[in-house]
Amino acid sequence: MTTEVKASHILVKTESEAMSLLEEIKNGKSFAEAASENSLCPSGYNGGDLGFFGRGMMVKPFEDAAFAMEVGEVSQPVQTQFGWHLIQLTDKK
C-alpha cells in the first residue's frame, strides 16, 4: 500500500490557465519549467517540488488526486481553496 507520494505542482488562479499550461506540458514543455514560470506557490522556485507527503498532509482534493495517480502522470486541473493545481506524481513509497 502506498503510504507516501512525491509530487510537484503548479498553482494558478483559473481553470483556463491550468488547461493552457497542461497543453504546453503535453506539447513538450517541462513541468518544472512551467512551474517556475507560472506557479503562485513558493514551490515554483523548485520546479513545483513538494517532496514526499502522506495522507492528511494536503487539502483533500489535492491529496485524493495525487494518491490516485501513477508515477510520471500529470493530472487534469484540480480545484482547491487555493486555486487550480496541475500535479505531477514523481514517486511513491
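**Entry 1: the chain as a whole**

In what order do the elements of the chain run from the N terminus on? I followed the chain and noted the order β-α-α-β-α-β-β. I record at the outset that this is a predicted model. My tally of elements gave three helices and four strands.

I then looked up the overall dimensions. The C-alpha atoms fill a box of roughly 35 × 25 × 20 Å along the principal axes. For 93 residues, a compact globule would have a radius of gyration near 12 Å, and the chain has 12 Å, which agrees. I noted that 43% of the 93 residues count as buried. The accessible surface comes to about 5100 Å², and 51% of this surface belongs to carbon and sulfur atoms.

I also looked up how contacts are spread along the sequence. Among contacts between residues at least 6 apart in sequence, 58% join residues at least 24 apart.

**Entry 2: the strands**

I turned next to strand E1, which covers residues 4-12. How many of the nine residues of E1 are buried? I found that seven of them are buried, so E1 is largely enclosed by the rest of the structure.

I looked up the pairing partners of E1. With E2, which covers residues 49-54, E1 pairs in the antiparallel sense over four bridges. Within this pairing, Lys-6 has Phe-52 in E2 as its bridge partner. With E4, residues 83-92, E1 again pairs in the antiparallel sense, here over eight bridges. In this second pairing I noted that Ser-8 stands opposite Gln-88 in E4, and that His-9 has Ile-87 in E4 as its bridge partner.

Strand E3, residues 78-80, was the next item. E3 and E4 pair in the antiparallel sense over three bridges. Val-78 stands opposite His-85 in E4. How many residues lie between E3 and E4 in their hairpin? I found two residues between these strands.

**Entry 3: helix H1**

Helix H1 runs over residues 15-26 and has twelve residues. From its first C-alpha to its last, H1 reaches 16 Å, close to the 16 Å expected at 1.5 Å a residue.

Which residues of H1 are buried? I listed Ala-18, Leu-21, Leu-22 and Ile-25. Seen down the axis of H1, these buried residues fall within an arc of 105°, so they line one face of the helix. I set beside this a general point: an α-helix has 3.6 residues a turn, so residues three or four places apart point the same way.

I then asked what covers the buried residues of H1. The cover includes strand E1, helix H2 and strand E4.

Lys-26 also has its place in H1. Is Lys-26 buried or exposed? Its relative accessible area is 54%; the cut-off for exposed is over 50%, so Lys-26 is exposed. I noted that Lys-26 and Val-74 are 48 residues apart in sequence, while their C-alpha atoms are 9.0 Å apart in space. Just after H1, Gly-28 takes a positive phi of about 115°.

**Entry 4: helices H2 and H3**

Helix H2 covers residues 31-38. I found its buried residues to be Phe-31, Ala-34 and Ala-35. Seen down the axis of H2, they fall within an arc of 100°, so they line one face of the helix. The buried residues of H2 pack against E1, H1 and E4.

Helix H3 covers residues 60-68, and its buried residues are Phe-62, Glu-63, Ala-65, Ala-66 and Phe-67. Against which elements do the buried residues of H3 pack? I noted the strands E1, E2, E3 and E4.

**Entry 5: a residue in a loop**

My last item was Ser-75, in the loop between H3 and E3. Is Ser-75 buried or exposed? The relative accessible area of Ser-75 is 7%; the cut-off for buried is under 20%, so Ser-75 is buried. Which residues are in contact with Ser-75, leaving aside its neighbours within four places in sequence? I recorded Leu-22, Met-69, His-85, Leu-86 and Ile-87. Two of these names appear in earlier entries: Leu-22 is one of the buried residues of H1, and Ile-87 is the bridge partner of His-9.

Technical notes:
Residues are numbered from 1 along each chain as its sequence is written. This is a predicted model: local features need pLDDT of at least 70, side-chain atom pairs count only at pLDDT 80 or more; totals for chains, interfaces and linings use all residues. Side-chain values use heavy atoms; hydrogens and water are left out. The expected span of a helix is 1.5 Å times one less than its number of residues. Buried means under 20% relative accessible area, exposed over 50%, partly exposed in between (1.4 Å probe, protein chains only). The arc is that of the directions from the helix axis to the C-beta atoms. Contact means heavy atoms within 4.5 Å. The radius of gyration is taken over C-alpha atoms; the globule rule is 2.2 Å times the number of residues to the power 0.38. Accessible areas come from the Shrake-Rupley method with a 1.4 Å probe; for residues, only the protein chains shown count as cover. Two strands pair if DSSP finds at least two bridges between them.
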